[in-house]
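Here are my notes on the model you sent over, in the order I jotted them down. Have the structure open while you read.

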Amino acid sequence: MVNVKTLVEEFRRRFPHCTPEVIARAPGRVNLIGEHVDYNGGLVMPFAIPLATWVVAGRRDDDRVVAQSLQSKEAVQFDAHQIGKPLIGWGAYVQGVLHELQVRGLPRNGINFLINSDVPSGAGLSSSAALEAAVALAAIELFGPRLTHDEIADACRAAEHDFALVPCGIMDQIASVCSRSDHVMLLNCRNGSFEHIPWPRTNVRITVVDSRSPHKLSTGDYALRVRECELVRSYLKEQANWFVGFREASLSRLAVHGSKIHPTIQLRRARHVITEIARVRDAADALRRGDFPTLGRLMNESHQSLAEDYEVSTPQVDALADCIRKVPGVFGARLTGAGFGGCVVAVAEQSAVNAIESAVRRDYDPHFGVTAPVWTWHPSEGATVQRLDT
Ligand code: GLA
């Protein structure tokens, strides 16, 4: 966990002429189920994790924005009046968020930011949304404008699209900003509405294991999936009078038009999206009744669909999910996040948690030459910001 006092002291050391005025914290997220459906107007079930990005900020006398991170030797600097072309690397997120907030009324003042994070990057735990949300909350707390949580999440997503060039959905940003501790969110990505489903008070735990095969969304595979789904959507919109979005689709409805969808790879993408949305509905019901065997089965099916129809798993992630599923007391395990590497989320009896770690050490690590981090998490609180005593 990031030490707040040390971060504020470090801010004073690095920016001796600037008062640290605010501190914001925004968590990463794990998605329990509902993968690659947010940009298809589907339903998802994320929750915030205890790992988070922290940002201390203070106003400057000039119009420059200066951001430093304890994770990077490079500082980021730009003119608040002329944000310009996206920088390479993490600076693009800071630029993008400030640009999007300026469009929504943030004054073009200079700010110093100092950032620290314990969300690993490239693990599929949404380190980018955590950075975006923490920078956004800190800047807004300093200068306004008053924005709703939805507007903040939307600004962060726009930053990711236009500056980091990842055409992501809205799940990660809403999860980071709006999650509630002890609850999993059921988020409708068509209109941004959500409800919080309490995690039942039982001996069932959520374990997350990082495969240690990092993913990189900007490489184009993610954007390709988004594009493939767009093509199916526009085809169905033209051809099928019932089609509003994938939530109105079913496999039998798809079959009527499917023979004309080419290449067939697009059909498989659509099949994943349609079946995944149905699984999320069932998973939400299962969680409400505390029916973990059903939730676990749906998670396993989700993984299979992501691996076979959506083709975003990897042999390494498949091996990790298999290894975890074999442990007695595990209800289900699946790839979480965009895929192409990253983490597996499992739901298991409390008594199985240690056995999961032993199985990973014995049956997974040696095959891939890694030591996969294993965490057991309870859903955490979404982003927060507070003023510092100055
Ligand atoms: C990434 C994106 C999200 C979502 C997931 C896959 O995390 O940022 O918007 O599409 O992948 O479910």
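1. Burial first. This is a predicted model, and 60% of the 390 residues in the chain count as buried. The accessible surface comes to about 16200 Å², and carbon and sulfur atoms own 48% of that area.

2. On overall dimensions, the radius of gyration is 21 Å, which agrees with the value near 21 Å that a compact globule of 390 residues would have. If you want a box for the chain, the C-alpha atoms fill roughly 65 × 50 × 40 Å along the principal axes.

3. How many helices and strands does the chain have? I get eleven helices and 13 strands. As for how the pieces meet, take the contacts with a separation of 6 or more: 73% of them join residues 24 or more positions apart.

4. Charges, for anyone setting up electrostatics: there are 42 positive side chains and 44 negative ones. The centres of these two sets lie 1 Å apart.

5. Now the aromatics. The structure holds eight aromatic pairs. Take Tyr364 and Phe368: their ring centres are 5.0 Å apart and the planes make an angle of 35°, so this pair is tilted. The angle falls between the cut-offs, since stacked needs under 30 degrees and edge-to-face needs over 60. Both residues sit in helix H11 (residues 353-368), and being four residues apart there, they are separated by about one helical turn.

6. Staying with that pair, are the two partners buried or exposed? Tyr364 is buried, with a relative accessible area of 1%. Phe368, by contrast, is at 30% and counts as partly exposed, because the buried class stops at 20%. Elsewhere, Trp199, Phe292 and Phe331 form one aromatic cluster.

7. Ala26 is worth a click. Its place is in strand S1 (residues 22-31), and with 0% relative accessibility it counts as buried. Which residues does Ala26 touch, leaving aside neighbours within four places in sequence? The list is Ala52, Thr53, Ala130, Ala133, Ala134, Ser176 and Ala383. Ser117 lies 91 residues from Ala26 along the chain, with 9.3 Å between the two C-alpha atoms.

8. His196 belongs to strand S8 (residues 194-198). A relative accessible area of 18% makes His196 buried, given that the class takes anything under 20%. Beyond its neighbours within four places in sequence, His196 is in contact with Cys178, Ser179, Arg180, His183, Val184 and Met185.

9. The loop between strand S9 (204-210) and helix H6 (221-239) is where Pro214 is found. At 62% relative accessibility, Pro214 counts as exposed. Even so, Pro214 has contacts outside its neighbours within four places in sequence, namely Gly122 and Phe340. Pro214 and Gly341 are also 5.4 Å apart in space, C-alpha to C-alpha, with their positions 127 residues apart in sequence.

10. Arg212 is found in that loop between S9 and H6 too. Its phi is near 60°, a positive value in a residue other than glycine. Arg212 is partly exposed, at 49% relative accessible area; exposed would need over 50%.

11. Where is the other positive phi I noted, that of Glu311? Glu311 lies in the loop between helix H9 (292-308) and helix H10 (315-325). The phi of Glu311 is about 50°, although the residue is not a glycine. With a relative accessible area of 33%, Glu311 is partly exposed.

12. Last, a peptide bond to look at when you go through the backbone torsions. The bond from Gly144 to Pro145 is cis, with omega near 5°. Pro145 is found in the loop between helix H3 (127-143) and helix H4 (149-162).

How values were computed. Residues numbered from 1 in each chain as written. Predicted model: local features only at pLDDT ≥ 70, side-chain atom pairs only at ≥ 80, totals over all residues. Heavy atoms only, no water. Helix = DSSP H or I, 4+ residues; strand = E, 2+ residues; numbered from the N terminus. Rg over C-alpha atoms; globule rule 2.2 N^0.38 Å. Buried < 20%, exposed > 50% of the residue type's maximum accessible area, 1.4 Å probe, protein only. Contact = heavy atoms within 4.5 Å. Areas by Shrake-Rupley, 256 points an atom, 1.4 Å probe, with all protein chains shown as cover. Lys, Arg positive; Asp, Glu negative; His and termini not counted. Charge placed at Lys NZ, Arg CZ, Asp CG, Glu CD. Phe/Tyr/Trp six-rings, centres within 6.5 Å; stacked < 30°, edge-to-face > 60°.
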